[in-house]
Amino acid sequence: MNHDAQRRPLYLLALLGQGIQGSLSPQLYEQEARRQGLRCAYHLLDFTQHGWGDDRLPDVLDSLTLLGFTGCNVTHPFKQQIIPWLDELSPQASAIGAVNTVLFQNGRRIGHNTDCEGFITHFRQQLAGERIHRVVQVGTGGAGYAVAYGLLAHGVGHLALYDRDTARSQNLQRQLAQYFGEQRVSVTENVAETLGNSDGLVQATPIGMTGHPGMPVDIDWLQPHHWLADVIYVPRETELVKKARAKGCRAIVGDGMVIHQAALAFQLYTGHQPDAESMGQVFNLNS
C-alpha cells in the first residue's frame, strides 16, 4: 500500500443482526468507497452465526467503540432494542422510534434512521401515479416503524396497521398518531376486509425472506387493482411478489429501499456524497 493510501482514513463499519449472511452491505459500502478513493472495511456481525443471544448487543457495541469503528448498521431484530444503548437520536429516528444506522462520534453513539427515506425514495420512483388514499401495512417491527412513518409523511390518506402481535401494532399506532393525528392511522385485525377497501399493501414482516418461509397474507386478498410494496430483498422476489404480479398487481421489491438507505448511511459515515446509481449496479451484480 502506498503512503497516500495509508494516510487516508479507514472507515470501519459493521452490520448487526440475525441471519444476515446473505446481506450485500459489505459489497455496497466497500465498492462505493473504492470508487471514491476511500478506504472501508465492512463486517457482518451475525448473532445467529456466532451463537450470541440478544443480550450481547450492548457488549458488541462497546467492543466496536473500543476498536475504533466509525459506526454500524442495525437490522432485524435490533432496530428498536438498540435505542437504550445510544446516547442520542436524530430527530427523525426519535420520531420513528427505530434506528438502522449508528454513528460513533466524539465518544457518543448517535442513532439515525435511513430506512424511512430509502423506502419512500424507492416508492416514489417505482409506484408513481398509484392511488394512496387508503393503504394496509402488515408488519410493525423496526422496519415497519420506518416504512409507516414514511408512508404517512409521503401523503397516504389513511394507514391501517396489522401485526400478529396486536400490542405491537397498537404501539406503532400511538406513536404515529402523535405526529399525523389519530384519524390517519388505525389498527386492523381483519386484513382481508380492510384490504378490500384499500389501494395497496405494504409487506414489512420477515415472512418470505430466506430462512423465513411462508406467505404473510393470503394471495386471494389481493386483486389486480392493488399495488404491493415488499421490503424484502433476499430472495429478490418473494413468493408473495411473484403471485401478486401473476394476478396483475403492480409490485415492487426491497432492492431499491436497501440501496437508497445504504447511500444515505454512507454519507453519514464518510461525509462523501455517494452515487446511488453505482451502488444499485453493485447490488444487481451481486444479487
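In this predicted model, the buried residues of helix α2 are covered by a set of elements that includes strands β1, β2 and β3 along with helices α11 and α12. The helix spans residues 25-35 and sits between two strands in the chain: together with β1 and β2, α2 makes up a right-handed β-α-β unit. Its buried residues are S25, P26, L28, Y29, E32 and A33. That spacing is worth a glance, since an α-helix has 3.6 residues a turn, so residues three or four places apart point the same way. Just past α2 comes G37, with a positive phi near 75°.

Now for the strands that flank this helix. β1 (residues 10-17) and β2 run parallel and are joined by eight bridges; one pairing to look at is L16, whose bridge partner in β2 is L45. β2 itself, residues 39-46, is mostly covered, with six of its eight residues buried.

Both strands belong to an open sheet of six strands, with mixed pairing and the order β2-β1-β3-β5-β6-β4. The edges go to β2 and β4 (88-89), each of which has a single partner strand, so one side of each is left without a neighbour in the sheet. α2 packs on this sheet and touches β1, β2 and β3 (71-74), and its direction makes about 170° with that of β2. Further along the sheet order, β5 (residues 101-105) and β6 (residues 108-112) run antiparallel, joined by five bridges. Within that pair, V102 stands opposite G111 of β6.

A second helix also meets the strands. α4, made of residues 57-66, lies across β1, β2, β3, β5 and β6. Relative to β1, α4 runs at about 175°.

That leaves the two helices from the C-terminal part of the numbering, α11 (residues 255-270) and α12 (residues 276-286), which pack with their axes 9 Å apart at an angle of about 130°. With angles over 145 degrees counted as roughly antiparallel and 65 to 115 as roughly perpendicular, α11 and α12 are therefore oblique to each other. The crossing of α11 past α12 is right-handed. On the α11 side, the contact is made by D255, V258, I259, H260, A262 and A263, and these meet A276, M279, G280 and F283 in α12. This brings the picture back to α2, as α11 and α12 are among the elements that cover its buried residues.

Conventions
Residues numbered from 1 in each chain as written. Predicted model: local features only at pLDDT ≥ 70, side-chain atom pairs only at ≥ 80, totals over all residues. Heavy atoms only, no water. Buried < 20%, exposed > 50% of the residue type's maximum accessible area, 1.4 Å probe, protein only. Helix = DSSP H or I, 4+ residues; strand = E, 2+ residues; numbered from the N terminus. Pairing = 2+ DSSP bridges. Right-handed = clockwise from strand over helix to strand, strands pointing away. Contact = heavy atoms within 4.5 Å. Axes fitted to C-alpha atoms, helices over the stretch in contact; angles between N-to-C directions. Parallel < 35°, antiparallel > 145°, perpendicular 65-115°, else oblique. Left-handed = near helix turned anticlockwise from the far one by under 90°.
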